[in-house]
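User: I would like to understand how the terms used for a structure follow from its values. Could you take me through the reasoning step by step?

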There are 2 protein chains.
Amino acid sequence: MTKTASIIGGGVIGGGWAARFLLSGWDVRVFDPDPEAERKIGEVLDNARRSLPGLSDVALPDEGRLSFHDTLSDAVAGADWIQESVPERLDLKLRVYAGVQAACAADAIIGSSTSGFKPSALQDGSARPAQIVVTHPFNPVYLLPLVELVTTAANDAATITRAQNIIRDIGMHPLHVKKEIDAHIADRFLEAVWREALWLVRDGIATTEEIDDAIRFGFGIRWAQMGLFETYRVAGGEAGMRHFMAQFGPALKWPWTKLMDVPDFTDELVDLIADQSDAQSGAYSIRELERIRDNNLVAMMRALKGQDWGAGALLNAQGHRKAGLPGLDQADLSQPVPTLRRAVPLDWTDYNGHMTESKYLEAFALSTDRFMRVLGCDDDYIASGGSYFTAETHIRHIDECHAGARIEVRTQMLLGQGKKLHVFHSMYEGGRLLATGEHFLLHVDLETRRPSPPSAEIEAAMARVAEAQAGLGWPEGAGNAIRRPA
Amino acid sequence: MTKTASIIGGGVIGGGWAARFLLSGWDVRVFDPDPEAERKIGEVLDNARRSLPGLSDVALPDEGRLSFHDTLSDAVAGADWIQESVPERLDLKLRVYAGVQAACAADAIIGSSTSGFKPSALQDGSARPAQIVVTHPFNPVYLLPLVELVTTAANDAATITRAQNIIRDIGMHPLHVKKEIDAHIADRFLEAVWREALWLVRDGIATTEEIDDAIRFGFGIRWAQMGLFETYRVAGGEAGMRHFMAQFGPALKWPWTKLMDVPDFTDELVDLIADQSDAQSGAYSIRELERIRDNNLVAMMRALKGQDWGAGALLNAQGHRKAGLPGLDQADLSQPVPTLRRAVPLDWTDYNGHMTESKYLEAFALSTDRFMRVLGCDDDYIASGGSYFTAETHIRHIDECHAGARIEVRTQMLLGQGKKLHVFHSMYEGGRLLATGEHFLLHVDLETRRPSPPSAEIEAAMARVAEAQAGLGWPEGAGNAIRRPA
């Protein structure tokens, strides 16, 4: 059954939540008195629609329905999740919760996007404190997986588990903070860095651009994949964390930070920083910077996905759950078998504006992998010493497609006998044929690296597919060569 | 002429510098009284050799010569650059400089890897302060591009320029810090985050693993590509940096950080953190973590390279400088033209341990791009509305190769006439043929997306290549199809 989320307060954060829920198949009901709310959320949704669907290697479900509501009570009616992202004023938030709780289901979860307030402060005076939690996301909410889920003793275990499951359902990672503190975890670091950065700019040590370069050419790249402690553990070498701490401990007594002190937030300081930021980034509009950022994030998170690490490991865990492709027992084997359903990610396109040629082969290779698994050549089988190597590939490009396109690959087996496996993939966007990939593979012994017979189970599976697909006939374009010029 | 660097003090940082210089073609002379120095530097070099060469899309020069020396004076003799990475004690560093300056060239540059000391403190009492600068790198030095180059009024402009050029020559980015401060720039942020993290662990708010997740699933990924200020500029939306600061300014008065205060660095705190770190990362040895980290960094930096942004834009700028492939005027056109020379990067291999099939096409596509450029279809031409689309591809896999392999692709034109371009790439590792890629391309009008004749210049260039390569004959394997099973 379709689930419903209410978004209270639009803007960049509320819009990001709306996009997460919608693109995960939830219906979304928005309440925001700002007359610009629909336009603002629409802009965030545009960004999310171009970047999120291709992030994973499987297609997302169909989008839910988006609606805008004039009253708070109308917006929260029937909602399973209510996400509050109103400005950072406690009195305002408490007023919103009173209105929400007067109209919402008693078992709905009310999550707050607050950066700073503790959940106990948000629950204070509430009729049903048990349903209020902090769920603090990070911009862009539609791409970054982190949600700080902060709870109190008033939240029962069942509510917390339900909140965690819903956060995972929309592709995010619930980091459960069990002991509340102002600003939770991540924003304490951001605040510390922000204060130090203000000093550095104010004192003329570095410009905003130099500070950004000091971050992104050094520790920023490290922190995208390992955090502070794991990075230092590695730096400590074989002697480990104790050794590192013995080395780094004394620096705590040195004048390496101004953070004992806070700079005056004067107009002069604001001007200095705003002017430096214009000089650094003013060549791009905010819209352009958002798209550059999203392209970068998608490309890097997909790179981590290839390594099955950090945010990429989260994506892989979701992908396994949602692939939804038929196995040998579920598939209609009399037809070509669906072996890939996904959106074209941002980093698969090239300077011609369309999906680039090597990514067709990447998609076909994923389809071949999937087909191998259907036949029984899975991770365990490969670990036992057998696999398939591609010997020959023939790709025909029939039509173009672009980032975001939902593509499907269907696979016909032309030959599956002994060590030989000959498959023919057809890639479609809807009913439009985009490309075909014909591949000849040999089963190999991973020890000798030479061709070898597959297991009896794989032989049997191939025989079953061959019999079922016998009526399909020879596909158009298979067995073709690039013609020799006359 | 081969240049020479002296590495004073090995270990992780000194070893990283040694690797940077060596793999950039410099001779490297090491002085380190540690009897384990040769082994330790060897381990860093192993890591560097497997990760750095494939990072860029062009091959690095041949490695320089590495030698170990028993005396400081022998190690620095004839050196153009002397990098000091001894422990963080000022008296020790000053003693080292005295010894170095007694034996080194007066115009050699002495760079210090110090994390904390100002260059004026390092120059204090020196006979030739002008040749001493801070060049503070980040671990792993062989992958991360950042070097904080900190100078004083004692350093003349020519020395600073020379230092910047050498840093760029070894593939790094000199961030020139003109006003010295303890801990320079980046380590002030790291120190601030470290202090805050110690509090969070000590107070039981979060474990080391939760803190690492709070970083790498959220702002860490952002900071790998934009820094603090550009990220906040985007978050501020169209209203820009002033708007963001007006919103965030008040938080400076809130209790969002403990950094006014420093936790006691007790044995209990060290144990707490070391134990949590073991629970978090103890399943991997440091060596495994280093390789996981390097795989991640290479994959993400290459992802940013594809977006031409941040650390990836730095790589592209280096790539253009060093590609060294012949143009139409330099090439021996009677032979297949070299169109790619590179090392196989870490992220091009798959679960079978060898280069994965789609990356063969990525390499061939780079070769096709290069060949198009040789013919005159370059960025300007594409911007004017013409380009080539691949219609058909045929790849034959002959032999395997692995990460780090130096590969070369050579390209024969089978047909270049009107809108048609038919090329045949052969990929070699040394004398070993790995694969062939045959591609049929059509020149297109990027407006109509339909085939169209190329410019007269491209026609002329194709005619020139056709005439020169006429004697080459039809290559083995071209025009083949995957055979239809009998």
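Analyst: What follows is a set of questions about a predicted model, each answered by setting a value against the definition it needs.

User: What makes α1(B) and α2(B) oblique to each other?

Analyst: Helix α1 (residues 11-23) of chain B and helix α2 (residues 37-51) of chain B pack at an angle of about 50°, with their axes 8 Å apart. Angles under 35 degrees count as roughly parallel, and 65 to 115 as roughly perpendicular; an angle of about 50° belongs to neither range, and the two helices are therefore called oblique. In addition, α1(B) passes α2(B) in a right-handed crossing.

User: Which residues make this contact, and of what classes are they?

Analyst: On the side of α1(B) the contact includes B:G11, B:V12 and B:L23, and on the side of α2(B) it includes B:K40, B:I41 and B:V44. By class, the residues of this contact divide into 8 nonpolar, 3 polar and 1 charged, where glycine counts as polar.

User: Why is the relation between chain A and chain B that of a two-fold axis?

Analyst: Two copies of a chain are related by a rotation about an axis and a shift along it. Here chain A can be laid on chain B by a turn of 180° and a shift of 0.0 Å along the axis, with an RMSD of 0.0 Å, and that is the relation of a two-fold axis.

User: How do you know that the copies meet through the same surface?

Analyst: The contact takes 130 residues from chain A and 130 residues from chain B, but the conclusion rests on which residues they are: 100% of the interface residues of chain A are also interface residues in chain B, so the copies meet through the same surface. Helix α12 (residues 286-307) of chain A gives the most to the side of chain A that touches chain B, with 16 residues.

User: What makes strand β10 of chain A and strand β10 of chain B a pair?

Analyst: Two strands pair if there are at least two bridges between them, and these strands, residues 386-397 in each chain, are joined over 5 bridges in the antiparallel sense, so they meet that condition. For A:I395, the bridge partner in β10(B) is B:T393.

User: Why are β3 and β8 of chain A said to stand at the edges?

Analyst: In chain A, 8 strands form an open sheet in the order β3-β2-β1-β4-β5-β6-β7-β8, with mixed pairing. β3 (66-69) and β8 (173-177) each have a single partner strand, so one side of each is left without a neighbour in the sheet.

Technical notes. Residues are numbered from 1 along each chain as its sequence is written. Chains are lettered from A and ligands numbered from 1 in the order in which they are written. This is a predicted model: local features need pLDDT of at least 70, side-chain atom pairs count only at pLDDT 80 or more; totals for chains, interfaces and linings use all residues. Axes are lines fitted to C-alpha atoms, for helices over the stretch in contact, and angles run from 0 to 180 degrees between N-to-C directions. Helices (H or I, at least four residues) and strands (E, at least two) are DSSP runs, numbered from the N terminus. Angles under 35 degrees count as roughly parallel, over 145 as roughly antiparallel, 65 to 115 as roughly perpendicular and the rest as oblique. A crossing is left-handed if the near helix is turned anticlockwise from the far one by less than a right angle, and right-handed if clockwise. Two residues are in contact if their C-beta atoms, placed from the backbone, lie within 7 Å. Copies are superposed by least squares on the C-alpha atoms of residues with pLDDT of at least 70 in both.
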